[in-house]
Amino acid sequence: MKILTPPSRGEQAQKVLSWREIKKDAKEMVRLIRTDGFGGRMWKSAYAVGHPQVVTGKCSENDPNCALGRCGHHKRFFVVNRKQAYVAQQFKYDVYINAVIISEVEPVSNREGCMSNEYAGTVNVRRFNKIVVEYYVPGWFGLKKKRGMFTGLASYVWQHELSHFRGEYL
Ligand SMILES: [Zn+2]
Ligand SMILES: [Zn+2]
């Protein structure tokens with residue numbers, strides 16, 4: 001797993017069942033996002049990247065669907081770049097698993113770009129300014145459930161990444 005796929009529109013990512021099944025990809029994604037290893041692209045440093053955006057460890061070179069990101073190998077998790085000061089301040093963990101937004105208020109318009117569709121540039125997207133989200137992080141005894149409230153830019157990062165699990169891109 002190294003490279004970004006193009007937007008795999010309409011592809012639903014699968015629920016993560018254990019840390020073990022995603023550990024290798026997650027660690028590689030964290031390493032790459034922290035070192036700009038997805039680089040050579042317009043976005044030199046990203047805040048977050050979702051598993052639907054990469055060629056996964058389960059992907060095969062011989063499967064054209066894998067190169068296009070629509071192979072069904074993608075799971076519901078994203079990683080953040082905690083080398084960015086703002087991200088480190090807002091996100092306590094590197095990896096966020098099976099997240100669900102349980103409340104959202106204050107509709108706003110936010111201008112965003114996406115590593116999977118850099119040619120779109122930045123576009124205005126409808127978001128909510130304040131969300132409550134439930135998610136899982138790796139723990140000693142399996143996936144550990146967490147809940148948090150996020151506002152502003154941090155909440156847009158969540159909403160952007162979760163949209164990729166539904167196969168939605170800019
Ligand atoms: Zn694949
Ligand atoms: Zn994106």
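Student: How many of the 170 residues in the protein chain are buried, as a percentage?

Tutor: Buried residues make up 34% of the chain. The model is predicted. A residue is called buried if 20 or more other C-beta atoms lie within 10 Å of its own.

Student: What makes the radius of gyration agree with a compact globule?

Tutor: Set the value against the rule. The rule is 2.2 Å times the number of residues to the power 0.38. With 170 residues, that puts a compact globule near 15 Å. The protein chain has 15 Å, so the two agree. Along its principal axes, the C-alpha trace spans about 45 × 40 × 30 Å.

Student: Which elements make up the chain, and in what order do they run?

Tutor: There are four helices and five strands. From the N terminus on, the order is α-β-α-β-α-β-β-β-α.

Student: Why is strand 1 said to pair with strand 2?

Tutor: Two strands pair if DSSP finds at least two bridges between them. Three bridges join strand 1 to strand 2, residues 77–80. The cut-off is met, so the strands pair. They run antiparallel. Within this pairing, G50 stands opposite F78 in strand 2.

Student: How do you know that strand 4 and strand 5 pair?

Tutor: Apply the cut-off of at least two bridges. Here 10 bridges join strand 4 to strand 5, so they pair. These strands also run antiparallel. V133 stands opposite G148 in strand 5. A hairpin through two residues joins strand 4 to strand 5.

Student: What is the strand order in the sheet, and is the sheet open?

Tutor: The five strands form an open sheet in the order 1-2-3-4-5, with antiparallel pairing. Strand 1 (48–50) and strand 5 (142–151) are the edge strands, as each pairs on one side only. From one strand to the next, the twist averages 35°.

Student: Which strands does helix 1 touch, and at what angle does it run to strand 2?

Tutor: Helix 1, residues 19–34, packs on the sheet. Helix 1 touches strand 1, strand 2, strand 3 (95–112), strand 4 (123–139) and strand 5. Its direction makes about 30° with that of strand 2.

Student: Where does helix 4 lie?

Tutor: Helix 4, residues 152–165, lies across strand 1, strand 2, strand 3, strand 4 and strand 5. Helix 4 runs at about 80° to strand 4.

Student: What percentage of contacts join residues at least 24 apart?

Tutor: Take the contacts between residues at least 6 apart in sequence. Of these, 69% join residues at least 24 apart.

Definitions and conventions: Residues are numbered from 1 along each chain as its sequence is written. Chains are lettered from A and ligands numbered from 1 in the order in which they are written. This is a predicted model: local features need pLDDT of at least 70, side-chain atom pairs count only at pLDDT 80 or more; totals for chains, interfaces and linings use all residues. Axes are lines fitted to C-alpha atoms, for helices over the stretch in contact, and angles run from 0 to 180 degrees between N-to-C directions. Two residues are in contact if their C-beta atoms, placed from the backbone, lie within 7 Å. A residue is buried if 20 or more other C-beta atoms lie within 10 Å of its own, exposed if 12 or fewer, and partly exposed in between; C-beta atoms are placed from the backbone.
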